[in-house]
Amino acid sequence: MSQLETAMAMTIAVFDQYARADGNRQTLSKAELKTLLEKELPNFLASGKDKNAIDKVFKNLDENGDSQVDFKEFVIFVAALTCCCHKYFEQNAAK
């Protein structure tokens, strides 16, 4: 597989790994999202001191208000976070 295909497969695998914890493989509960963020993006949470960060992230991701984060909502989050990282690295490389 190409690097991009591998990245896509890994995104799917990570979502599936955490989504199945409560038996519903189609969505992430708030607890599943918290575990995913703590294990897969520890630096994302460590950089903030906001104790309600998970609640805020979950509320923002749950676009349809069903108290679950589905795969589309998760991918939008990963893409947005990737865009922010790309912009950050571009700005720092320019210095």
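Trainee: In which handedness of crossing does H1 pass H2?

Mentor: The model is a predicted one. In it, the crossing in which H1 passes H2 is right-handed.

Trainee: Within what distance do the axes of H1 and H2 come, and at what angle do they cross?

Mentor: The axes of H1 and helix H2, residues 30-40, come within 9 Å, and their crossing angle is roughly 130°. An angle between 115 and 145 degrees counts as oblique, and H1 and H2 are therefore oblique to each other.

Trainee: Which residues of H1 and H2 meet?

Mentor: From H1, the residues are Val14, Tyr18 and Ala19. On the side of H2, they meet Glu32, Thr35, Leu36, Lys39 and Glu40.

Trainee: How should the span of H1 be read against the value expected at 1.5 Å a residue?

Mentor: H1 covers residues 3-19, which is 17 residues. From first C-alpha to last, H1 reaches 24 Å, close to the expected 24 Å.

Trainee: Which residues of H1 are buried?

Mentor: Val14, Phe15, Tyr18 and Ala19 are buried in H1. Viewed down the helix axis, the buried residues of H1 fall within an arc of 120°, so they line one face of the helix.

Trainee: Where is Asp55 found, and why does Asp55 count as partly exposed?

Mentor: Asp55 belongs to helix H4, residues 53-61. Relative accessibility between 20% and 50% counts as partly exposed; Asp55 falls in that class because its value is 37%.

Trainee: How many residues apart in sequence are Asp55 and Met1, and what is their C-alpha to C-alpha distance?

Mentor: Asp55 and Met1 are 54 residues apart in sequence, and their C-alpha atoms are 36 Å apart in space.

Note on methods: Residues are numbered from 1 along each chain as its sequence is written. This is a predicted model: local features need pLDDT of at least 70, side-chain atom pairs count only at pLDDT 80 or more; totals for chains, interfaces and linings use all residues. Side-chain values use heavy atoms; hydrogens and water are left out. Helices (H or I, at least four residues) and strands (E, at least two) are DSSP runs, numbered from the N terminus. Buried means under 20% relative accessible area, exposed over 50%, partly exposed in between (1.4 Å probe, protein chains only). The expected span of a helix is 1.5 Å times one less than its number of residues. The arc is that of the directions from the helix axis to the C-beta atoms. Axes are lines fitted to C-alpha atoms, for helices over the stretch in contact, and angles run from 0 to 180 degrees between N-to-C directions. Angles under 35 degrees count as roughly parallel, over 145 as roughly antiparallel, 65 to 115 as roughly perpendicular and the rest as oblique. A crossing is left-handed if the near helix is turned anticlockwise from the far one by less than a right angle, and right-handed if clockwise. Contact means heavy atoms within 4.5 Å.
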